Amino acid sequence: MTVRQAAFTDIPRIAELLVEAQGRSRYEGTEVQVDVKHAKALLMSSIQRHGGKGEGATWCSVSERDGVVEGFIIGIALRVQEICEQLYVTDLIFYQSERALPADARPMLAGMIGWAGGMKKVYEITLGATDVVGDYARTGKLYERMGFEQRGAIYGMRL
């Protein structure tokens, strides 16, 4: 198990994982495709803001298996309801390939929780478990084991 802070040199591999994730997602075979150039720019700015302590700060970590990045999490601190003085932390993207060690999900998430807990203005952490890639119930169980409680549900409509 190797979980560490993401580095700029990880960006090409993380972009590959994003394309892989799209191929495993409910968007596979649709017009919804990964914009790799945009994704790399997002990864660059997220890694630059890693570990910050205010609005817009991020947490970026990766997990490796046999020296290859196979999972990653990008967390971000935003204003509660986008209008309040306090912040919340959420995940922009949390993905592990099928080759990743399942046990790596926990320390990646724990790192983000620890970072969030170190910021004075962070009121809460809110995470989503959706059906975009994989079994959201399994993800939800991980969150519950780490102390999170379910707060509502997500609904969608295809246009």
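**Long-range contacts, cores and exposed sites in a predicted model**

Author: Of the contacts in the protein with a separation of 6 or more, 62% are accounted for by residues 24 or more positions apart. The model is a predicted one.

Reader: Which residue can illustrate a pair that is 40 residues apart in sequence, and what is the distance in space?

Author: Trp-115 can: its C-alpha lies 9.5 Å from that of Gly-75, with their positions 40 residues apart in sequence. Trp-115 is placed in helix H3. Leaving aside neighbours within four places in sequence, its contacts include Gly-51, Lys-53, Trp-59, Gly-75, Ile-76 and Val-89.

Reader: Why is Trp-115 called buried?

Author: Its relative accessible area is 4%, and the term buried applies under 20%. Trp-115 is therefore classed as buried. Over the whole protein, buried residues make up 37% of the 159 residues.

Reader: What makes the protein as compact as a globular protein of its length?

Author: The elements from the N terminus on run β-α-α-β-β-β-α-β-α, with four helices and five strands in the protein. The radius of gyration is 15 Å, and the globule rule gives 15 Å for 159 residues; the two are close, so the protein is as compact as a globular protein of that length. Along the principal axes, the C-alpha trace spans about 40 × 35 × 30 Å.

Reader: Which residues have the most contacts inside the largest nonpolar core, and how many residues does that core have?

Author: The largest nonpolar core has 19 residues, and those with the most contacts inside it are Val-89, Leu-109, Met-112, Trp-115, Ile-125 and Leu-127. Two or more residues come from each of strand S3 (68-79), strand S4 (87-96), helix H3 (105-117), strand S5 (122-125) and H4. Helix H3 gives the most, with six residues. Leu-127, for its part, is in contact with Thr-90, Asp-91, Leu-109, Met-112, Tyr-143 and Phe-148, when neighbours within four places in sequence are left aside. Another core, of 15 residues, lies apart from the largest one; among its members are Leu-17, Val-62, Ile-74 and Tyr-95.

Reader: How do you know that Ile-154 counts as exposed?

Author: Ile-154 has 63% relative accessibility, whereas the term exposed requires over 50%. Ile-154 therefore counts as exposed. Its place is in the segment after helix H4 (136-145). The C-alpha atoms of Ile-154 and Tyr-143 are 16 Å apart, although eleven residues separate them along the chain.

Reader: What is noted about the phi of Asp-66, and why is Asp-66 called exposed?

Author: Asp-66 has a positive phi of about 55° although it is not a glycine. The residue lies in the loop between strand S2 (58-65) and S3. With a relative accessible area of 77%, Asp-66 is past the cut-off of over 50%, and is therefore exposed.

Reader: Where is Gln-81 found, and why does Gln-81 count as exposed?

Author: Gln-81 is found in the loop between S3 and S4. Its relative accessibility is 64%, and exposed means over 50%, so Gln-81 counts as exposed. Gln-81 has a positive phi of about 55° and is not a glycine.

Conventions:
Residues are numbered from 1 along each chain as its sequence is written. This is a predicted model: local features need pLDDT of at least 70, side-chain atom pairs count only at pLDDT 80 or more; totals for chains, interfaces and linings use all residues. Side-chain values use heavy atoms; hydrogens and water are left out. The radius of gyration is taken over C-alpha atoms; the globule rule is 2.2 Å times the number of residues to the power 0.38. Buried means under 20% relative accessible area, exposed over 50%, partly exposed in between (1.4 Å probe, protein chains only). Contact means heavy atoms within 4.5 Å. A nonpolar core is a set of buried Ala, Val, Leu, Ile, Met, Phe, Trp, Tyr and Cys residues joined through side-chain atoms within 4.5 Å.
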